[in-house]
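Please read this briefing alongside the sequence and the 3D view. It covers charged pairs, cysteines and a surface patch, in that order.

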Amino acid sequence: MSEMPSSAAPLARLSSRDADFDARLDALLAWEGVSDAEVQTRVDEIIRAVRREGDLALLDCTRRFDRLDVASMAELTLEAPRLAAAFAGLPDEQREALEAAAGRIEAYHQRQRGESWQYQEADGTVLGQKVTPLDRVGVYVPGGKAAYPSSVLMNVIPARVAGVGEVVMVVPTPDGAVNELVLAAAHVAGVERVFTIGGAQAVAALAYGTESVPRVDKIVGPGNIYVATAKRAVFGQVGIDMIAGPSEILVVSDGGTDPDWLAMDLFSQAEHDEQAQAILISWDRAHLDEVEASISRQLPGMERRTIIEASLGQRGALIEVADEAEALALVNRIAPEHLELSVAEPERLLDGVRHAGAIFMGRYTAEVLGDYCAGPNHVLPTSGTARFSSPLGVYDFQKRSSIIHCTAEGANALGPIASILARGESLTAHARAAENRIKR
Ligand SMILES: NC(=O)c1ccc[n+]([C@@H]2O[C@H](COP(=O)([O-])OP(=O)(O)OC[C@H]3O[C@@H](n4cnc5c(N)ncnc54)[C@H](O)[C@@H]3O)[C@@H](O)[C@H]2O)c1
Ligand SMILES: N[C@H](CO)Cc1c[nH]c[nH+]1
Ligand SMILES: [Zn+2]
């Protein structure tokens with residue numbers, strides 16, 4: 001590099017050859033964000049208060065946690081005309097960007113629609129699956145430290161594509177600061193009503209209903225530790241999408257991508273949160289040195305420097321591995337939310353990737369394009385949960401019912417099987433219900 005770094009890069013250097021590599025990596029990956037006992041107690045109190053006092057509790061919590069003092073829920077309710085006005089008031093380029101992103105997100109999600117199906121057996125019995133959209137969904141849009149219009153699109157559009165009857169949105173407005181772009185995104189995505197409430201109180205209101213906030217069937221959307229803890233607490237009363245942890249990016253580079261691009265890709269997720277995780281893996285040590293130097297050089301000029309520095313310092317790493325195969329093994333062990341394959345032939349690596357929320361292929365596919373407008377959803381499994389879960393999608397807003405329609409012949413054929421198994425379980429009413437339909 002021609003320029004000298006302005007300060008030491010703040011993140012850890014690891015090598016898979018180090019004796020303590022496994023222990024250091026495990027420590028780096030550990031995240032216990034949703035098990036804080038103090039937060040749990042506070043969230044339980046908030047949920048109890050909302051169940052007991054409804055709107056009154058919402059007004060009280062909004063005063064305490066969002067520093068917003070209003071007399072009634074009407075002041076925290078925004079209907080469709082207000083959302084349309086927010087959209088109309090935007091500069092042209094923001095309106096166009098919102099519509100372009102929404103169009104691409106919708107086109108992608110249309111392909112995810114699950115359809116009902118059935119088949120007929122030889123004796124006329126019909127078996128199948130009926131797909132039904134949820135009646136009413138609540139979308140939580142974070143609003144504490146930053147505003148997320150892109151998250152409005154990513155959560156609401158799949159629900160709309162699924163055919164959900166009503167989408168209700170909640171978003172906190174700390175100190176009464178309303179974000180017009182968030183409201184405009186709600187208009188573009190097709191939200192009916194917005195309540196400007198947030199935190200655990202908003203989750204509780206959606207789960208149990210209050211005088212003003214309707215009870216929903218499922219709550220989706222990311223949020224801070226209070227939101228995540230509340231979602232976990234109300235699961236069962238309503239459905240939830242997932243417990244989203246801090247953002248993560250894992251980049252695998254073959255050494256051929258501009259180090260400045262890679263440094264900024266790491267910053268892009270690190271700037272979300274002090275707890276966010278940004279990791280780069282390469283088998284090219286000199287390339288890791290170059291990215292490290294670029295991080296040091298570019299960091300002082302970043303608007304969110306303090307957050308990036310904290311995130312990289314606590315949870316970031318540059319990892320040297322022996323080769324491509326070792327890089328892939330690490331990818332699957334980490335199971336990242338976002339994986340950038342910044343290599344010449346990403347298709348060659350794709351087969352070996354088993355666990356990742358979203359995979360960004362090649363040097364030109366910056367992860368941030370997926371955050372906003374590529375089309376796939378940006379609500380993704382974090383903290384290793386890509387081992388068993390998937391991006392938010394249309395399927396999260398549809399449920400399935402089994403269809404069984406036996407003919408007389410079908411009941412005659414199935415009856416003896418059911419009867420034998422029922423008697424094996426000592427459930428004689430079951431056995432006799434099946435036997436009633438066996439031909440004598
Ligand atoms: N995974 C994703 O797709 C995605 C997208 C966008 C944002 N995020 C994440 O969502 C999170 C958003 O967090 P945020 O804080 O900016 O907004 P938020 O809306 O999740 O939380 C703000 C609310 O938290 C509550 N709160 C704050 N302090 C409290 C306290 N001491 N006691 C009780 N309640 C309290 C308040 O009610 C406030 O309205 C970030 O971690 C961000 O990285 C994730
Ligand atoms: N990267 C976030 C999900 O981890 C989504 C997001 C919203 N805005 C910018 N980025
Ligand atoms: Zn992002």
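R348 forms a salt bridge with E324, and their closest N and O atoms lie 3.0 Å apart. The pair links distant parts of the chain, 24 residues apart: R348 sits in helix α14 (residues 346–350) and E324 in helix α13 (residues 324–334). The model is predicted, and a search of the whole structure finds 25 salt bridges.

**The R348 pair: exposure**

- R348 has a relative accessibility of 49%, so this residue counts as partly exposed, because exposed means over 50%.
- E324 is also partly exposed, with a relative accessible area of 26%.

**Other salt bridges**

- R297 forms a salt bridge with D260, with 2.7 Å between the closest N and O atoms.
- R297 lies in helix α11 (residues 285–298) and D260 lies in helix α10 (residues 259–270), so this salt bridge ties together parts that are 37 residues apart in sequence.
- R297 has a relative accessibility of 19% and therefore counts as buried, because the cut-off for buried is under 20%.
- D260, at 27% relative accessibility, counts as partly exposed.
- R113 forms a salt bridge with E115, and here the closest N and O atoms are 3.7 Å apart.
- This distance still qualifies because a salt bridge requires the nitrogen to be within 4 Å of the carboxyl oxygen.
- R113 is partly exposed, its relative accessible area being 37%.
- D60, R63, R64 and D69 are joined into one network by salt bridges that share partners.

**Cysteines**

- How many disulfides does a search of the whole structure find? The search finds zero.
- A disulfide would need a pair of cysteine sulfur atoms within 2.5 Å.
- Is C61 buried or exposed? C61 is buried, with a relative accessible area of 2%.
- C406 is partly exposed, with a relative accessible area of 33%.

**A nonpolar surface patch**

- Which residues make a nonpolar surface patch of about 300 Å²? The patch is made by L414, I417 and L421.
- L421 is located in helix α16 (residues 408–424).
- L421 has a relative accessibility of 58%, so this residue counts as exposed.
- L421 can belong to the patch on accessibility grounds because patch residues need over 30% relative accessible area, and the value for L421 is 58%.

Note on methods
Residues numbered from 1 in each chain as written. Chains lettered and ligands numbered in written order. Predicted model: local features only at pLDDT ≥ 70, side-chain atom pairs only at ≥ 80, totals over all residues. Heavy atoms only, no water. Salt bridge = Lys/Arg side-chain N within 4 Å of Asp/Glu carboxyl O. Buried < 20%, exposed > 50% of the residue type's maximum accessible area, 1.4 Å probe, protein only. Helix = DSSP H or I, 4+ residues; strand = E, 2+ residues; numbered from the N terminus. Patch = residues over 30% accessible without salt bridge, like charges linked within 9 Å, V, L, I, M, F, W, Y side chains within 5 Å. Areas by Shrake-Rupley, 256 points an atom, 1.4 Å probe, with all protein chains shown as cover.
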